[in-house]
Amino acid sequence: WQNTNCILHGAISITGLAASTTGALPYPFTLFLWIWVIVWFIIVEGIELLRAIARINRFGIVKAIGNYNVSQWSRNFTFGMLYAFTASFTIEEGMLLVPLRQIILDYGAWLVLLFLINEILLFFKAKVKWAKKTDHDSKRGHPAWKKSVEV
């Protein structure tokens, strides 16, 4: 199970966003895509939550979820796409899905912002840690300081 499996619901969200903003597909199909993306969101992110709990139990919170991994940026993108898709169309009044849509609209942007800030902080934490290690290695005459590093 890779971190990037959130691309599953992200791809559906992007498709739904395109369908709802262009009107290229009928409303019932766009609504079906929205329901489909919610189902996949729950499945994928539920598994991710279980993985996080298992990692926290095994390694502690800092090592389990406090490390930078470039693949986590995809989660920010896919959550943002779900929010954008949800905001791009309306659900007819009286449908049972109206409250769910409203919850996503009320809290989704804040969740995306929280994840974005977290990822930025983890990125800088990793870069500071790398810089300290590189500086330490260069003082010891370690050849690592000679290697070019992609940032």
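Let me begin with helix α1, where H9, G10, I12, S13, G16, L17, A19 and S20 are buried, and where the cover over the buried residues includes α2 and α4. Please keep in mind throughout that what we are looking at is a predicted model.

Staying with α1 for a moment, this helix has 16 residues and reaches 22 Å from its first C-alpha to its last, which is close to the 22 Å expected at 1.5 Å a residue. As a general reminder, an α-helix has 3.6 residues a turn, so residues three or four places apart point the same way. Just after α1 comes G23, and this glycine takes a positive phi of about 70°.

Not every residue of this helix is hidden, and T21 is a useful example, since its place is in α1. Is T21 buried or exposed? T21 has a relative accessible area of 54%, and because exposed means over 50%, T21 counts as exposed. Although T21 and F85 are 64 residues apart in sequence, their C-alpha atoms are 8.7 Å apart in space.

F85 brings us to α4, so to speak, and to the way α1 and α4 pack, which is at an angle of about 35° with their axes 8 Å apart. In passing α4, α1 makes a left-handed crossing. Which residues meet there? From α1 they are I7, H9, G10, S13, I14, G16, L17 and S20, and from α4 they are S74, F77, T78, F79, M81, L82, A84 and F85. If we sort this contact by class, we find 9 nonpolar residues, 7 polar ones and no charged ones.

On its own terms, α4 has 15 residues, which at 1.5 Å a residue should span 21 Å, and the end C-alpha atoms of α4 are indeed 21 Å apart, in agreement with that expectation. The buried residues of α4 are S74, R75, N76, T78, F79, G80, M81, L82, F85 and T86.

Let me now step back to the whole protein, which has 5 helices and 0 strands, so that, read from the N terminus on, its elements run α-α-α-α-α. Of the 151 residues in the protein, buried ones make up 30%. If we take the contacts between residues at least 6 apart in sequence, 79% of them join residues at least 24 apart.

The next helix I would like to describe is α2, whose 33 residues should span 48 Å at 1.5 Å a residue, and whose end C-alpha atoms lie 47 Å apart, which agrees. In α2, the buried residues are T30, L31, L33, W34, V37, I38, F41, V44, E45, E48 and A52. Just after this helix, G60 takes a positive phi, here of about 90°.

From here we can turn to the core. In soluble globular proteins, nonpolar side chains tend to be buried together. In this model, the largest nonpolar core has 16 residues, and those with the most contacts inside it are W34, V37, I38, F85 and F89. The elements that give two or more residues to this core are α1 (7-22), α2 (27-59), α4 (73-87) and α5 (98-139). Which helix gives the most? That is α2, with 6 residues.

Two residues of this core deserve a closer look, and W34, in helix α2, is one of them. Its relative accessibility is 0%, and because buried means under 20%, W34 counts as buried. Leaving aside residues up to four places away in sequence, W34 touches F85, T86, F89, I91, L97, L100, R101 and I104. W34 and F89 are 55 residues apart along the chain, while their C-alpha atoms are separated by 9.7 Å. The other residue is I38, which, with the same near neighbours in sequence left out, touches L82, L100 and I104.

To finish, let me point to L113, which is found in helix α5. Where does L113 stand between buried and exposed? With a relative accessible area of 37%, L113 is partly exposed, because that value falls between the limits of 20% and 50%. L113 and G80 are 33 residues apart in sequence, and their C-alpha atoms are 9.0 Å apart in space.

Methods. Residues numbered from 1 in each chain as written. Predicted model: local features only at pLDDT ≥ 70, side-chain atom pairs only at ≥ 80, totals over all residues. Heavy atoms only, no water. Core = buried A, V, L, I, M, F, W, Y, C linked by side-chain atoms within 4.5 Å. Buried < 20%, exposed > 50% of the residue type's maximum accessible area, 1.4 Å probe, protein only. Helix = DSSP H or I, 4+ residues; strand = E, 2+ residues; numbered from the N terminus. Contact = heavy atoms within 4.5 Å. Axes fitted to C-alpha atoms, helices over the stretch in contact; angles between N-to-C directions. Left-handed = near helix turned anticlockwise from the far one by under 90°. Nonpolar A, V, L, I, M, F, W, Y, C, P; charged D, E, K, R; others polar. Expected span 1.5 Å × (residues − 1).
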